[in-house]
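This report examines how charged side chains pair within a protein and how one of its pockets is lined. Please consult the sequence and the structure displayed below while reading.

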Amino acid sequence: MSRQYSLRSQGPSSHNICSICWSDLTTGQGQAIFTADCSHSFHYPCIANNVHHGNLCCPACRAKWDKSKLPFQVPPLQQNKAKHGFDDDEPLSSAALSQSSGPHNVTIKTYTETSAIPAADSRPQYPVLVSICAPPLQDPDSEARTPIDLVTVLDVSGSMNGQKLDLVKQAVKFVIENMGSSDRLSIVSFSNSSRRVLPLRRMTIDGRESAIQAVESLEAGGGTDIAEGLKKGTHILEERRERNPVASIILLSDGQDNYSRVPSQMLKKLPASVRSSDMQHEIPVHTFGFGNDHDAKIMHAISDASGGTFSYIESVGIIQDAFALCIGGLLSVVAQELRLTVRSASPGVVKIVSIPSGRYVNQISDEQGVVDVGNMYAEEEKQFLVYLSVPLSSATNTKTSLLDVLCVYKDLGLDEFIPVQGERVEISRPEFCSPAELAVSLDVDRQRNRLLVADAIGEAQRLAELGNLEAARAVLTQRRETLLTSTAAKAGDDVSHLFEAELKDIMDKMASMNLYEQAGRAYALSGMSSHGRQRASARGAAAGSCLAANGPRKQLATQAARKSTYETSAMVRMVRKSQNKRK
C-alpha cells in the first residue's frame with residue numbers, strides 16, 4: 001500500500017523527546033528544558049552546547065532563531081581569514097536568482113510491505129519504504145536557478161601528457177560553456193605542487209574567455225600530489241568573501257599519488273571542511289579516476305569523506321560526458337539541508353529497529369529516526385527502508401498506527417525552511433489475511449534488492465582487497481541468486497534485473513587479480529559510492545547508464561534505467577548535450 005503527500009506542516013508535532021540526545025523531556029528530572037519560538041523543546045544543556053558551536057537553526061525543524069531571544073551566549077561570527085590570499089573572488093551578480101520549487105514541493109511517498117498483518121501475528125522486522133522526491137526545475141533552460149561556486153582541481157602530472165590532457169581541456173571547456181553568468185569557477189592544477197590558474201570568476205562572457213585561456217595554458221609534467229591540489233581548491237572556497245548557495249569541487253587524477261600511499265594518510269592531510277559530516281559546512285568533492293592507473297582507493301576515500309561521488313572513467317573518450325553527468329546535477333540543486341524524521345505513531349508499541357541509510361548519517365531511538373540527506377538535485381529521489389517491530393494486535397479488524405513522517409528542507413529560491421508533513425502510516429489487522437493483502441509491494445522489494453546489491457558489492461570488494469577473489473565471486477554469485485528469486489525479479493521488474501546485471505559485471509571484473517586491479521576495483525568502488533548516496537556517478541559502461549551511448553547495451557534513460565543508476569532528467573540532458581557536441 002502506498003501513500004503520497006506534499007502538504008506543508010500546519011504546526012510542530014508534540015513529541016516528548018529531545019531531538020539532540022533522544023532522551024525524555026519529562027519535567028522534574030533535574031534538567032531545565034528550553035522551548036524555542038518554533039515550539040520545539042530540548043534539554044537546556046543539549047541546546048546550549050549546540051548553539052555554542054554556532055548553530056542557530058532548530059535541530060528539529062531547521063527554523064532560524066533570533067539570537068537576541070536565546071537565553072545563552074552565542075559565539076561571535078568567525079570571519080574567514082585569507083591566510084592564502086584567496087579572498088579575491090569576483091563579487092556575486094546582483095541579479096542572481098535561486099529558483100524556488102514554486103508550487104511544487106519535495107514530495108514523500110510511503111509503502112508498507114503488505115496491506116495487512118494478521119492480528120495474531122507480530123513482525124520483528126517489518127519494512128516501510130519512505131521515498132523522498134525533489135521537485136523538477138521550473139525552467140531547465142533558464143538561468144533563474146541556484147547559482148554555484150565550482151572549483152576544478154586537475155592533475156597535470158607527466159602521465160597526463162598528450163591525448164589525456166587534451167581531452168581534459170575539452171571537458172573543462174564544456175563545463176565553462178554550460179555555466180551561467182551567476183555561476184563562478186576557479187581552476188587549480190597540480191603535479192608535484194599546485195597552482196591556481198584562475199581565481200573564482202563569474203562565467204560572464206569575459207569570465208569564460210579568461211577561463212578558456214587558463215585551461216589552454218595547462219601543461220603536463222612532474223609527479224602527483226593530490227593533497228596539495230585539493231587543499232588549494234578547498235582554501236579558495238573557504239576564503240571567499242561572498243558565497244553562492246551551492247559550492248563543490250571536481251577533482252580529476254589519472255595516476256598514483258607520490259606522497260600518500262594509503263587513504264588514511266591522504267585524509268589526514270585534507271582540511272576539515274571536506275571531511276565534515278555536518279551538512280551545513282560540507283564541501284563535497286566529486287572525484288574522477290581517469291584510466292586504469294589511478295588510485296581508486298584514495299579517490300573513493302576523498303569523495304566518501306566529503307559527501308561527494310567517485311566516478312570511474314574507463315574510456316578516455318567519455319571524460320567530457322562524465323563531467324556533464326556531474327554538473328548536470330550540480331546545476332540543478334533545488335533543496336538543501338534536507339532532514340527526514342520518522343516517528344513511531346504508537347509509542348511504546350511499535351518500535352523503530354533500523355534505517356539502512358547508506359552514507360547518510362542517521363540517529364535512531366525506539367521511537368524516532370532522523371536521516372540527514374543534505375542537498376537534492378531536481379527530480380532526484382532518495383529511498384529509505386524503515387524497519388519496525390510490530391507486535392500482535394489484541395483486537396481484530398482494526399488498524400495499527402505505524403509511522404508519522406516529516407521532512408524539512410531549505411528552499412533556495414525562498415531562502416526559508418519548508419516542512420512537509422504527511423498523513424499517518426497505518427496498517428490493517430484482520431483476523432485472517434487474503435492472498436492480496438499479503439502480496440509483497442514491488443517498491444519495497446525493489447529497495448530491498450538495492451540494499452542487497454550495495455551490501456554485496458561492499459563485501460566482495462573487501463574480500464578482493466584481501467586477495468580472496470574466489471570468496472568475493474562466491475558472495476556475488478549467492479546474492480545474484482537471492483536477487484533473482486525475489487518477488488520483484490520474478491514479477492519481471494526491470495530495475496531488479498539491471499541490479500543483477502551490475503553484479504554480473506563486477507563478478508566478470510574479478511575473474512583475475514590483474515583484471516581486478518585494472519578495472520574491477522574502480523568499478524566496484526564507484527558502484528559503492530553511487531549506491532551509498534543514491535546519486536549518479538560514472539561507472540565505466542554500466543548497464544542502463546546514459547553514458548553507455550554505443551553498442552548493444554545502449555539504454556536511453558528508460559524509467560527503470562534511471563532508477564537503477566540514479567540519473568535525473570537534468571543529468572541526462574547535459575550528457576546528451578555533451579554527446580551531440582562530440583559528434
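How many salt bridges does the structure hold? The model is a predicted one, and 30 salt bridges are found in the structure. As a general principle, side chains of opposite charge can pair when their charged atoms come close.

**Three salt bridges**

The table lists three of these pairs with the N to O distance of each.

| Acidic residue | Basic residue | N to O distance |
|---|---|---|
| Asp183 | Arg145 | 2.4 Å |
| Asp404 | Arg424 | 2.9 Å |
| Asp445 | Arg448 | 3.1 Å |

The salt bridge between Asp183 and Arg145 ties together parts that are 38 residues apart in sequence, because Asp183 lies in the loop between α2 (163–177) and β7 (184–190), while Arg145 lies in the loop between β5 and β6 (148–155). Buried means under 20% relative accessible area. Asp183 therefore counts as buried, with a relative accessibility of 1%, and Arg145 likewise counts as buried, at 10%.

The salt bridge of Asp404 with Arg424 also connects two elements of the chain. Asp404 belongs to strand β17 (residues 398–411) and Arg424 to the loop between β18 (416–421) and β19 (425–429), so this pair ties together parts that are 20 residues apart in sequence. Arg424 has a relative accessibility of 38% and counts as partly exposed.

The salt bridge of Asp445 and Arg448 lies within one helix: both residues are in α8, 3 residues apart, which is about one turn of the helix. Is Asp445 buried or exposed? Asp445 counts as buried, at 6% relative accessibility, whereas Arg448 counts as partly exposed, at 24%. Elsewhere, salt bridges with shared partners join Asp89, Asp149, Arg184, Arg240 and Arg241 into one network.

**The second largest pocket**

Helix α8 also takes part in the lining of the second largest pocket. This pocket holds about 580 Å³ of space. Its lining consists of 24 residues, and those nearest the centre are Cys133, Glu379, Glu381, Gln383 and Lys563. Two or more lining residues come from each of β4 (107–112), β5 (123–133), β16 (381–390), α8 (442–465), α11 (494–508) and α13 (559–565). Which element gives the most to the lining of the second largest pocket? Helix α8 does, with 4 residues. Sorted by class, the lining has 10 charged, 8 polar and 6 nonpolar residues.

Key
Residues are numbered from 1 along each chain as its sequence is written. This is a predicted model: local features need pLDDT of at least 70, side-chain atom pairs count only at pLDDT 80 or more; totals for chains, interfaces and linings use all residues. Side-chain values use heavy atoms; hydrogens and water are left out. On a 1 Å grid over the protein atoms alone, a cavity is a set of points where a 1.4 Å probe fits but cannot get out, and a pocket is an open set with protein on both sides within 12 Å along at least five of seven lines; lining residues have an atom within 4 Å of a point. Grid points are joined across faces, edges and corners, and a volume is the space filled by probe spheres set on the points. Ala, Val, Leu, Ile, Met, Phe, Trp, Tyr, Cys and Pro count as nonpolar, Asp, Glu, Lys and Arg as charged, and the others, Gly among them, as polar. A salt bridge is a side-chain nitrogen of Lys or Arg within 4 Å of a carboxyl oxygen of Asp or Glu. Buried means under 20% relative accessible area, exposed over 50%, partly exposed in between (1.4 Å probe, protein chains only).
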